[in-house]
Amino acid sequence: MTERYAVIGNPIGHTKSPLIHGMFAKATNQSLHYSAIEGPLDGFVGAVQAFRDGGGRGMNVTAPFKLQAFELADERSERANLAGAVNALKFEGGRILADNFDGIGLVNDIQRNLGMSLAGKRVLLLGAGGAARGALLPLLEAAPAELVIANRSVDKAQTLARQLADRGPVRGGGYGEVGEATFDVVINATSASLKGELPPLSPVVFAADGLAYELVYGKGLTPFLRLAANAGVKRLADGVGMLVEQAAEAFVWWRGVRPDTRAVIDTLTIPLA
Ligand code: NDP
């Protein structure tokens, strides 16, 4: 029987998840149907229950429901607990299992697809929202020399750094506290680019042979990527690889089969310039 999966969000018209999972299913000969559901803003739990009652096996969860999905879950992974948000659900034996694959998707894209090992590198993470929180543990597990979190609301960055202090070399603060230090990898996990804005970042943070990674995807050279390019950074990336890699992790979790991601990333990539 064809098993059912879906992504739920609001709005949901922009989602690439049905295309991504459709390509994964075809390439791995998995019989499944994957749809997009626009969850009512005041009816997320009911929409999940209806999908599950109708035989649904798992869901991806996107904005604005990642926190509600966290609350709904019976069981959560450690990285989901640290992120305080989940982006994937699995319905199993009457229970709702939850995980957050955004961070591992980011790390896999940087290390496997872009070929930059994070071990021993100095990493600067901009932002302290859901995406940044999801990235912290996977980034620390990749053994960087240092992970610095910079955020507009300084207390959020400091709190996150305190929570993770026993997991690796991490500190948090405001943009001013980053100072004139240089980083091998600078990751923009803020939503500033969606509004054409730029966090108050000095161009000296970029190492010329480093990587500037923008989580927003499909928007070309965002103000952040332009700042990096003007600072001489050659390796620029947007979040399309992260999107596909987090989907691959959910696919493995649900189906027990790892899909190849290269063809899907190539299909979805919009050149930066
Ligand atoms: P949140 O709303 O949870 O967090 C937004 C973050 O951006 C906060 O840290 C906020 O700072 C900061 N911010 C917003 N505007 C500015 C600004 N003008 N200057 C400086 N900082 C700013 O969003 P998410 O964490 O869920 O998502 C962040 C981005 O990541 C989104 O753009 C989303 O599209 C992208 N994303 C991409 C994914 C992918 O697969 N490629 C997956 C998930 C997210 P403050 O705390 O001070 O408000």
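Reader: How far does a polar side-chain atom of lysine 156 lie from an oxygen atom of the ligand?

Author: The distance is 2.7 Å. Two N or O atoms count as a polar contact if they are within 3.5 Å, so the pair formed by lysine 156 and the ligand qualifies. Bear in mind that this is a predicted model.

Reader: What is the distance from an oxygen atom of the ligand to an N or O atom in the side chain of serine 153?

Author: That one is 2.6 Å. The backbone takes part as well: a polar backbone atom of alanine 128 lies 2.9 Å from an oxygen atom of the ligand.

Reader: How much of the accessible area that the ligand has on its own does the protein cover?

Author: The ligand has 940 Å² on its own, and the protein covers 79% of this.

Reader: Which elements give two or more residues to the shell around the ligand?

Author: They are α6 (130-141) and α10 (240-255).

Reader: How many residues surround the ligand, and which are the closest?

Author: There are 25 of them, and the closest are Ala131, Asn151, Ser153, Lys156 and Glu197. By class, the shell holds 11 nonpolar, 8 polar and 6 charged residues.

Reader: Now the sheets. In what order do the strands of the parallel sheet come?

Author: Read from one edge to the other, the order is β9-β8-β7-β10-β11-β12. This is an open sheet of 6 strands. Each edge strand, β9 (170-173) and β12 (235-238), has a single partner, so one side of each lacks a neighbour in the sheet. On average, neighbouring strands here are turned by 15 degrees against each other, direction ignored.

Reader: How many bridges join β10 to β11?

Author: There are 5, between residues 183-188 of β10 and residues 206-214 of β11, and the two strands run parallel. Two strands pair if there are at least two bridges between them. As one example of the register, valine 185 stands opposite leucine 211 in β11.

Reader: Which strands does helix α5 touch?

Author: Helix α5 (residues 102-113) packs on the sheet and touches β10, β11 and β12. Its direction makes about 140 degrees with that of β11. Helix α9 (residues 223-230) runs at about 170 degrees to β11 and lies across β7 (122-126), β10, β11 and β12.

Reader: What is the pairing in the sheet with the order β2-β1-β3-β5-β6-β4?

Author: The pairing is mixed in this open sheet of 6 strands. At its edges stand β2 (32-38) and β4 (75-76); each has a single partner strand, so one side of each is left without a neighbour in the sheet. Within the sheet, β1 (residues 3-9) and β3 (residues 56-61) run parallel and are joined by 5 bridges. Valine 7 stands opposite asparagine 60 in β3.

Reader: Which strands does helix α1 lie across?

Author: Helix α1 (residues 17-28) lies across β1, β2 and β3, and runs at about 175 degrees to β2. Helix α2 (residues 44-53) lies across β1, β2, β3, β5 (88-92) and β6 (95-99), at about 145 degrees to β3.

Reader: Last, the backbone. Is the peptide bond from asparagine 10 to proline 11 cis or trans?

Author: Start with the general case: most peptide bonds are trans, and most residues other than glycine have a negative phi. The bond from asparagine 10 to proline 11 is cis, with omega near 5 degrees. Proline 11 sits in the loop between β1 and α1. The bond from alanine 63 to proline 64 is also cis, with omega near 5 degrees, and proline 64 belongs to the loop between β3 and α3 (66-72).

Reader: What is the phi of asparagine 29?

Author: Phi is near 55 degrees, a positive value in a residue other than glycine. Asparagine 29 is placed in the loop between α1 and β2.

Conventions. Residues numbered from 1 in each chain as written. Predicted model: local features only at pLDDT ≥ 70, side-chain atom pairs only at ≥ 80, totals over all residues. Heavy atoms only, no water. Helix = DSSP H or I, 4+ residues; strand = E, 2+ residues; numbered from the N terminus. Axes fitted to C-alpha atoms, helices over the stretch in contact; angles between N-to-C directions. Contact = heavy atoms within 4.5 Å. Near = heavy atom within 4 Å. Polar contact = N/O pair within 3.5 Å; in protein donor to acceptor, adjacent residues only side chain to side chain. Areas by Shrake-Rupley, 256 points an atom, 1.4 Å probe, with all protein chains shown as cover. Nonpolar A, V, L, I, M, F, W, Y, C, P; charged D, E, K, R; others polar.
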